[in-house]
Each structure stands twice: as C-alpha cells, then as structure tokens.
Amino acid sequence: MNKRIGFIGLGIMGRPMCQNLINAGYSLTVWNRSQPGIDIVVGYGATAASSPKEVAGKSDVVITMVVDSSDVRQVILGTNGVIEGVRAGMTVIDMSTISPKVTREIAEQLAQKEAKMLDAPVSGGDTGARAGTLSIMVGGPEEAFNECLPILEAMGKNIIHIGANGAGQTVKLCNQIACVLNILGVSESLVLAAKSGVDLKKMHQAVSAGAAGSWMMTNLPPKIMVRDFEPGFMVKHQQKDLRLVMEAAQDLGISLPGASLVHQLFHSVEADGNAEKGTQALVTALEKLADVEVKD
Ligand code: NAP
C-alpha cells in the first residue's frame with residue numbers, strides 16, 4: 001500500500017486508471033509524451049516527471065499504458081527509458097496490448113537489471129477503466145503478481161494470473177478475437193433490423209436480454225443508433241490488436257478466418273477516414289454493403 005507508483009501513458013485508458021490509483025491512496029509520478037494528458041492527471045493529484053527514466057527513479061512499481069510493441073520498447077528500453085532508472089527488486093507492469101514475443105524480450109532486458117516484469121493487458125474498455133472494473137490478464141513471476149495484486153485491484157475486478165511472461169498478452173489476443181466477432185454480430189443484427197424497418201430500440205431491448213446478450217450488445221447499439229462514433233477504443237488500435245492476432249496465427253500455423261474477415265472490414269472503415277473513431281464504426285462498412293443507415 002505504501003508503494004510509490006510511476007505511470008507512463010496518459011491516454012483514454014491511462015487517465016482514469018491513474019485516477020483510481022490516486023483514489024485508492026497511492027502516490028503517483030507520471031510521464032506522457034504530450035502535455036494534455038499530464039495536465040489532466042496532475043489535476044487528479046499526480047506529480048509530473050520529465051522522462052520515463054525519472055519516473056522509474058522515483059517509484060517502486062512502474063506501469064506503462066501506451067499503444068504498440070514499439071512504443072513499449074521505446075518508453076522502457078529507449079534513451080531516457082525506464083531501464084535507465086530502474087533498481088534491483090522493482091517491478092514494471094505493462095498494461096498496453098502488445099506482442100507476447102516482444103514482452104518476453106523486454107522482460108529479459110529488465111531481468112539483467114534484476115527488475116521483474118508483469119504483462120497485464122486489460123479488457124473492459126474506457127467504461128471499465130473509469131469504473132475500476134477492468135479484467136486484467138497477467139503473465140510473469142507469481143511472486144511479483146502477488147506483490148502487485150493490491151495495485152491491480154485498484155484498477156480492476158477480475159484479475160487472473162495466467163502464467164509466465166507473454167501469457168497475459170496471449171490471452172488478451174484470445175479476448176480480442178471474441179470481441180471483434182461479437183462486434184460483427186452486433187453490427188449485422190442492427191443492419192438487418194434497420195433494412196427491414198423494425199423498431200431498433202425494441203430489437204435491442206429484446207435481443208440484449210437473451211442468449212445474444214454481451215458487453216458489446218449492451219454498450220454499442222445505443223451509440224450507433226444516435227450515430228455516436230466517438231472512441232472508447234479506436235479502430236486503429238483494434239487493427240493493431242488484429243495484426244498481433246494474425247502474427248500469432250502465422251507463428252502457430254493456424255487459420256483464424258473470422259478474425260481475418262473483421263480485420264479486412266476494419267481496413268474499409270480506415271480507408272473511409274475513420275481510423276480514430278470507436279470500434280462501433282464497423283457498422284458503417286456493413287451499412288454500405290446493405291445500402292442502409294442504422295439510425296433511431
Ligand atoms: P490512447 O488514448 O491512444 O493513448 C495512448 C497513450 O500512449 C497516449 O498517452 C500516448 O501519448 C502514449 N504513447 C503512444 N505511443 C507512444 C510512444 N511511442 N512513446 C510515448 N508515449 C506513447 O490509447 P488507449 O485507448 O488509452 O489505449 C492504450 C492501450 O490500452 C493500447 O495498447 C490499447 O490497445 C489498450 N486497450 C485499450 C482499450 C480501450 O477501450 N481504449 C481497452 C483495452 C485495452 P500522447 O498522449 O502523447 O499521444
């Protein structure tokens with residue numbers, strides 16, 4: 001509980017996660033690439049540092065919540081990175097969604113400084129981040145997991161230690177496959193309902209309480225029906241995750257046709273200029289195929 005926490009990456013997810021850590025009584029030193037994220041989180045009560053290296057120097061546990069494998073590499077292993085300020089016995093928790101392979105490489109580099117790493121990607125979206133109800137899937141040494149569990153409990157509810165480094169990221173990729181196919185199913189139901197002229201709200205009410213109920217079915221149709229495509233989770237980040245899924249499928253020599261189809265459909269959403277919209281924008285690709293708009 002008296003651990004000093006460093007937090008790097010103050011975007012859609014990082015900001016509310018910092019707020020919850022501060023609410024739980026932790027003192028936070030933060031760094032972000034650009035100023036707006038810093039101003040917001042300093043407003044919550046955090047202290048700003050000038051580099052990831054300085055964050056590490058002033059913390060016992062450092063959390064990273066950036067975007068892709070190369071970004072995590074940069075803030076941990078790059079010039080003025082966490083690794084330059086890390087001390088023996090510290091733990092670095094990466095909560096971004098990145099490659100399991102790169103995770104293992106970073107963990108090996110940190111181990112040379114006698115620091116431990118946990119990969120702890122999350123599910124539950126920006127709403128889960130705000131509510132402190134994220135699902136967190138963790139890879140890394142069990143001892144580090146047990147030590148850091150109270151910190152993770154300030155941000156999430158369903159926190160599972162899966163196995164060694166990389167195992168958390170692998171399970172996150174499984175999660176993303178299930179999520180995107182769910183978004184596809186939700187979107188196709190809405191397109192059929194709109195084209196046939198049934199009441200969209202009533203369709204949603206009936207379907208979401210039955211066997212087709214899900215987080216996606218509950219949360220996305222109300223936004224789509226009022227044409228709200230602002231991001232909880234951006235299309236470009238979902239495409240990053242699907243790229244990681246495809247890389248894993250390639251490495252394992254397996255076929256994932258459903259995930260591959262949604263990856264292609266999201267390319268069409270990106271080509272339409274909507275890479276920074278929320279993933280509910282998948283419906284716009286299907287609307288074009290059906291020549292209909294899902295609007296209440
Ligand atoms: P976001 O809003 O785009 O925020 C990304 C953050 O990372 C920003 O603070 C950004 O800095 C920083 N960043 C990116 N590249 C960097 C680099 N090379 N060096 C330093 N800082 C860098 O993204 P997000 O939605 O919070 O997502 C963060 C991670 O959580 C991603 O891996 C995503 O896949 C995962 N995730 C997101 C959700 C969701 O619903 N949003 C759900 C589950 C998991 P700037 O502010 O300067 O741009």
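## Terms and model

Helices here are DSSP runs of H or I with at least four residues, numbered from the N terminus. The structure is a predicted model, in which local features need pLDDT of at least 70, side-chain atom pairs count only at pLDDT 80 or more, and totals for chains, interfaces and linings use all residues. Residues are numbered from 1 along each chain as its sequence is written, and side-chain values use heavy atoms, with hydrogens and water left out.

## The ligand and its shell

The ligand is surrounded by 27 residues (each with a heavy atom within 4 Å of it), and the closest are N32, R33, S34, D71 and K240. At least three residues of this shell come from each of domain 1 (5–164) and domain 2 (171–290), with bounds taken from an automatic or database domain assignment.

Among the backbone N or O atoms, one of V67 lies 2.9 Å from an oxygen atom of the ligand, while one of G11 lies 3.3 Å from a ligand oxygen atom. Two or more residues of the shell are given by each of α4 (69–77), α6 (125–131) and α11 (235–252).

## The second largest pocket

This pocket was found on a 1 Å grid over the protein atoms alone, as an open set of points with protein on both sides within 12 Å along at least five of seven lines, where a 1.4 Å probe fits. Its lining, made of residues with an atom within 4 Å of a point, has 18 residues, with P100, L173, L244, E247 and A248 nearest the centre.

The helices α5 (100–111), α8 (167–196) and α11 each supply at least two lining residues, and α11 gives the most, with 7 residues.

Conventions. Polar contact = N/O pair within 3.5 Å; in protein donor to acceptor, adjacent residues only side chain to side chain.
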